[in-house]
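This report describes one protein chain together with its ligand. Please consult the sequence and the structure shown below while reading.

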Amino acid sequence: MAKITKPKFNFTWFYIVAGCVLLSIYMFGGENTNQVKEVKYSDFRDYIAKGYIEDITVNEKGEAEAFLKKDSAAYVFPAERIDALSRQMIVTTIGSADNFDNYIFEMKQPDENGKVRFDGTLTYRKDEGFLSNFLWSVGPFILIIIFWMFIMRRMSGGAGGQGGVFNVGKSQAKLFDKSNSTQAITFKDVAGQEGAKQEVKEIVDFLKNPKIYTELGGKIPKGALLVGPPGTGKTLLAKAVAGEANVPFFSMSGSDFVEMFVGVGASRVRDLFRQAKEKAPCIVFIDEIDAVGRARGKNPSMGGNDERESTLNQLLTEMDGFGTNSGIIVIAATNRADILDKALLRAGRFDRQIHVDLPDLNERKAIFGVHMRPLKLDPTVDVDLLSRQTPGFSGADIANVCNEAALIAARQHKKAIGKQDFLDAIDRIIGGLEKKTKVLTQKEKEAIAIHEAGHATISWFLEHANPLIKVTIVPRGRALGAAWYMPEERQITTKEQMLDEMCAILGGRAAEETVIGQISTGAMNDLERVTKQAYAMVAYAGMSEKLSNLCYYNNQEYSFNRPYSEKTAEAIDSEVHKMITEQYERAKALLSEHREGHAELAKILVEKEVIFAEDVEKIFGKRPWASRSEEIFESNTAAPAAEETPEEPAAPAGNDTAVTPANE
Ligand code: ADP
Ligand code: ZN
């Protein structure tokens, strides 16, 4: 890791020196070494007549300054105030230069005693005091302007220099490349995350052989977004991409862009991309992009964070600015893709979303494998057991466990790390985690498994429900468990399809009620979606009996008038209630019909934490309705439907809200 600075003419010193010079002139320059006394014109003439005066200078403003002779100073200044090191002078304003001239001429003539009263010189100086006057009047402004320019230069990140407040506009990105990283990270260091790895492998290919793609007219992607909870290896994955492609890697956190000063964020973005362009092909990694990429305020009068918005705008500009073939690929990481500004996710920017989830049982095993490689273990260590003991742990947590276990063993002066050391480490980490991460108890795990198995069972037996791809009980974002479905592509949705989907979504809650006999907040998200969908069906699509063929859709967003009567509102409510109750009963009936299969499914889910369509097929047999998505199914690269299409009411999936959604 090294700061990237280029040797460059450094303006900082120029400014500092200029400022010091001005200051010193201001403070010590000019007449300050002289002792000056202002006197009346009549006294001035008097002093000349008495012969105290050595030389006189008259400036264009009609001010006369005169140095006193050394031995005469005491007549003018109080004796105790005379400074022997400086010269004493008097100043006055003369009325008319002509008169003064004549007077001096007179004084130069010998008097009645033959004594010349003024034998010094008289100088008229046009530019008298010009420089110092100028500096006195303009100097402060110059200082202010220079200071201002200096600040602006810093802001725009123009000049070099290292560290300190002089560098607020610099990007502060960390650069990792061949010269400064001891060992490149490769995909071998990333355990599990096969799906994500598969997707980023493409990026590696782009970086390695851009020609293959560009020759065919293809465009290389500019950005990819890694979405997942903290510690799941997003940074690691981005580094591995750089390591595999053997290109430099710039790393920066979104929060680094956000500073107190206005304009700093934007200039840091500019600086980052300037550096990246110099090193292209390369990878720019922006961690926590939500710090800058949060959706911009919709209502300008509410006031927003202008600084963040200008930073975001700059980022968008930069991403649009470099060509697709320039070899810079921006990889960003976040754990909340839903709060990002839509503009960031548009084509040509971060149009690829790659999900990096918490590891399941087998993945945890693999991660333990990676982090145990450098450790000295004794034969009691059982990786299987450890992986089963750590549901909900992220890759970083597991790395932590391994390290902690080594420390515990070292404290006891052991030769090798044993099983108990690992178990103690896990306990310790769980203690520290409890508040941060969701670590599931066995009971919770079972409850979630029953819930998710409910979704899976019902969708298996309903003709129109979307085919299932995968179900997990690994916590995922705000959700505890999730099910993935392959949404069928369709432009219109029939009532039967919508009702089947509704039934499948209600399957989670239905399973809780019929099997556990206790319902939980785990189904809140399901219920919300079902309710919204039912209202849409009744009020907008005219799909209920009582209000058939009526659409009360009102596209005026802020209209407070409902386009229907109070009575209709009641009818809508009761129709919605009826519709949901019917589907709920249907779900319960289906579940009791397939009780054994459901229980078995839940059991496998607790054990393996993920199940795929194949597992469900083994239990229930082939799905009676072969769907046209079946082929895509095999390839196993489908994206989770639930999160990708939040606006689309027809995309069902059991994505369950956490027990305490209020935290969000
Ligand atoms: P994120 O960027 O997602 O917050 P990091 O990539 O910084 O997480 O991961 C932190 C550390 O956790 C890594 O340095 C690595 O040691 C460990 N880690 C996380 N995920 C994995 C994984 N899949 N395989 C191996 N180690 C991992
Ligand atoms: Zn659910």
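## Helix α22 and a buried aspartate

D615 belongs to helix α22, which spans residues 613-620. The model is a predicted one. With a relative accessible area of 10%, D615 falls under the 20% limit and therefore counts as buried. Its side chain is engaged in a polar contact of 3.4 Å with the side chain of K608.

## A buried lysine in helix α20

Helix α20 covers residues 566-593 and contains K588. The relative accessible area of K588 is 17%, so this lysine too is classed as buried. The side chains of K588 and E513 are joined by a polar contact of 3.1 Å. When residues up to four places away in sequence are set aside, K588 touches A510, E513 and T514. E513 thus appears both among the residues that K588 touches and as the partner in the polar contact.

## The chain as a whole

The protein chain comprises 24 helices and 15 strands. Of its 664 residues, 45% are buried. Among contacts between residues at least 6 apart in sequence, 75% join residues at least 24 apart. The chain exposes about 35200 Å², and carbon and sulfur atoms supply 54% of that area.

Two pairs of residues illustrate such sequence separations. Y41 is placed in helix α2, residues 41-49, and at 21% relative accessibility it counts as partly exposed. The C-alpha atom of Y41 is separated by 5.8 Å from that of T92, although the two residues are 51 apart along the chain. Leaving out residues up to four places away in sequence, Y41 touches T92, T93, I94 and F100.

The second pair involves S86, in the loop between α3 (73-76) and β4 (88-93). S86 is buried, because its relative accessibility is 9%. A distance of 5.3 Å separates the C-alpha atoms of S86 and N34, which are 52 residues apart along the chain.

## The site of ligand 1

Which residues are the closest to ligand 1? They are A191, G231, K234, T235 and H371, within a shell of 15 residues that surround the ligand. By class, this shell holds seven nonpolar, six polar and two charged residues.

Oxygen atoms of ligand 1 approach polar backbone atoms of the protein at the residues listed here.

| Ligand atom | Protein partner | Distance |
|---|---|---|
| Oxygen of ligand 1 | Polar backbone atom of G233 | 3.1 Å |
| Oxygen of ligand 1 | Polar backbone atom of L236 | 2.9 Å |
| Oxygen of ligand 1 | Polar backbone atom of A396 | 3.3 Å |

On its own, ligand 1 has 560 Å² of accessible area, and the protein covers 80% of it. The elements that give two or more residues to the surrounding shell are α8 (234-245), α13 (361-372) and α15 (395-411).

Why does ligand 1 lie between domain 2 and domain 3? Domain 2 (174-296 + 306-355) and domain 3 (361-431) both give residues to the shell around the ligand, and the ligand therefore lies between them.

## Residues with positive phi

Two loop residues deserve attention for their backbone geometry. Most residues other than glycine have a negative phi.

N246 is not a glycine, yet its phi is positive, at about 60°. This asparagine is found in the loop between α8 and β8 (249-253). Helix α8 is also one of the elements that give two or more residues to the shell around ligand 1. Because its relative accessibility is 48%, N246 is classed as partly exposed.

H413 likewise has a positive phi, near 55°, in a residue other than glycine. H413 lies in the loop between α15 and α16 (419-433); α15 is another of the elements that give two or more residues to the ligand shell. Is H413 buried or exposed? At 72% relative accessibility, H413 counts as exposed.

## Summary

In this predicted model, two charged side chains have been described as buried, namely D615 and K588, and each takes part in a polar contact, with K608 and E513 respectively. Ligand 1 lies between domain 2 and domain 3, with 80% of its accessible area covered by the protein. N246 and H413 have positive phi values, and they are found in the loops between α8 and β8 and between α15 and α16, respectively.

Conventions
Residues numbered from 1 in each chain as written. Chains lettered and ligands numbered in written order. Predicted model: local features only at pLDDT ≥ 70, side-chain atom pairs only at ≥ 80, totals over all residues. Heavy atoms only, no water. Helix = DSSP H or I, 4+ residues; strand = E, 2+ residues; numbered from the N terminus. Buried < 20%, exposed > 50% of the residue type's maximum accessible area, 1.4 Å probe, protein only. Contact = heavy atoms within 4.5 Å. Areas by Shrake-Rupley, 256 points an atom, 1.4 Å probe, with all protein chains shown as cover. Near = heavy atom within 4 Å. Polar contact = N/O pair within 3.5 Å; in protein donor to acceptor, adjacent residues only side chain to side chain. Nonpolar A, V, L, I, M, F, W, Y, C, P; charged D, E, K, R; others polar. Domains from an automatic or database assignment.
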